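Biologist: Before we look, could you promise to explain each term as we go along? I would like to see how each label follows from its definition.

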Amino acid sequence: MDLTSYAELAVVLVNRGDRLTGLGELRRLLEEHGRSAAAERVTRRDLNALLELREELSEVFQAAARGEEEDVVERINGLLVRHPVHPQICRHDGQRWHMHLTESGRVSDALAVGSVMGLATVITTLGVDRLGVCQAAPCRNVYLDTSSNKSRRYCSERCASRANVAAYRARKRGA
Ligand SMILES: [Zn+2]
Ligand SMILES: [Zn+2]
């Protein structure tokens, strides 16, 4: 199981959530992120559950961006209780035996467990301050900072250069 990719899924879910208006969008999102088996099985119930989860994940990132570590941990612990892990050893596609977090149950449960475990792993191995909210207003996208010097401030290259241009213009006006 690749928990970093699951943590990235949490990011995608938060950032793309407002465009998840139907099953078609959810399928596309899952396919784009290498989860085509899940994409085939999703139902409207999964979509509703994931939209609810998205709100909670978003609050985790907002709290982290405010530096409220206790709050982040409390929220994640709450999510871990509600989305218990049922690990299974699996082998497929010519790979070695490896762990899957959830094999049975609904797609939304599996994705919830993966996202929450992924974030829990990032927090406990790298730190709560690795979760952030883009600082190029009005963008409110979230990100995971996996840089070695914890230097990330923006969700994307696009937002970073937009912020740089804005800062340059502000300096020019000031000069
Ligand atoms: Zn596998
Ligand atoms: Zn951004």
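Modeller: Let us begin with two helices, for α4 passes α5 in a left-handed crossing, a label given when the near helix is turned anticlockwise from the far one by less than a right angle, whereas a clockwise turn would be right-handed. This is a predicted model, in which local features need pLDDT of at least 70 and side-chain atom pairs count only at pLDDT 80 or more, while totals for chains, interfaces and linings use all residues. Residues are numbered from 1 along each chain as its sequence is written, and chains are lettered from A and ligands numbered from 1 in the order in which they are written.

Biologist: What makes α4 roughly antiparallel to α5?

Modeller: The two helices pack at an angle of about 160°, with their axes 8 Å apart. Angles run from 0 to 180 degrees between N-to-C directions, and axes are lines fitted to C-alpha atoms, for helices over the stretch in contact. Angles under 35 degrees count as roughly parallel, over 145 as roughly antiparallel, 65 to 115 as roughly perpendicular and the rest as oblique, and therefore α4 is roughly antiparallel to α5.

Biologist: Which residues of α4 and α5 meet?

Modeller: E56, E59, V60, A63 and A64 in α4 meet D71, V72, R75, I76 and L79 in α5, where a contact requires C-beta atoms, placed from the backbone, to lie within 7 Å.

Biologist: Why is α4 called roughly parallel to α6?

Modeller: The axes of α4 and α6 come within 9 Å and cross at roughly 15°, and so α4 counts as roughly parallel to α6. The crossing of α4 and α6 is right-handed.

Biologist: How do you know which pieces of the chain are helices and strands?

Modeller: They are DSSP runs, numbered from the N terminus, with helices (H or I) of at least four residues and strands (E) of at least two. By that rule the chain has seven helices and four strands, arranged along the sequence as α-α-α-α-α-β-β-α-β-β-α.

Biologist: What makes a set of residues a nonpolar core?

Modeller: Its members are buried Ala, Val, Leu, Ile, Met, Phe, Trp, Tyr and Cys residues joined through C-beta atoms within 7 Å; buried means 20 or more other C-beta atoms within 10 Å, exposed 12 or fewer, and partly exposed in between, with C-beta atoms placed from the backbone. The largest such core has 41 residues, and A10, V60, F61 and L119 have the most contacts inside it. The largest share, 10 residues, comes from α6. Of the 175 residues of the chain, 30% count as buried.

Note on methods
Two residues are in contact if their C-beta atoms, placed from the backbone, lie within 7 Å.
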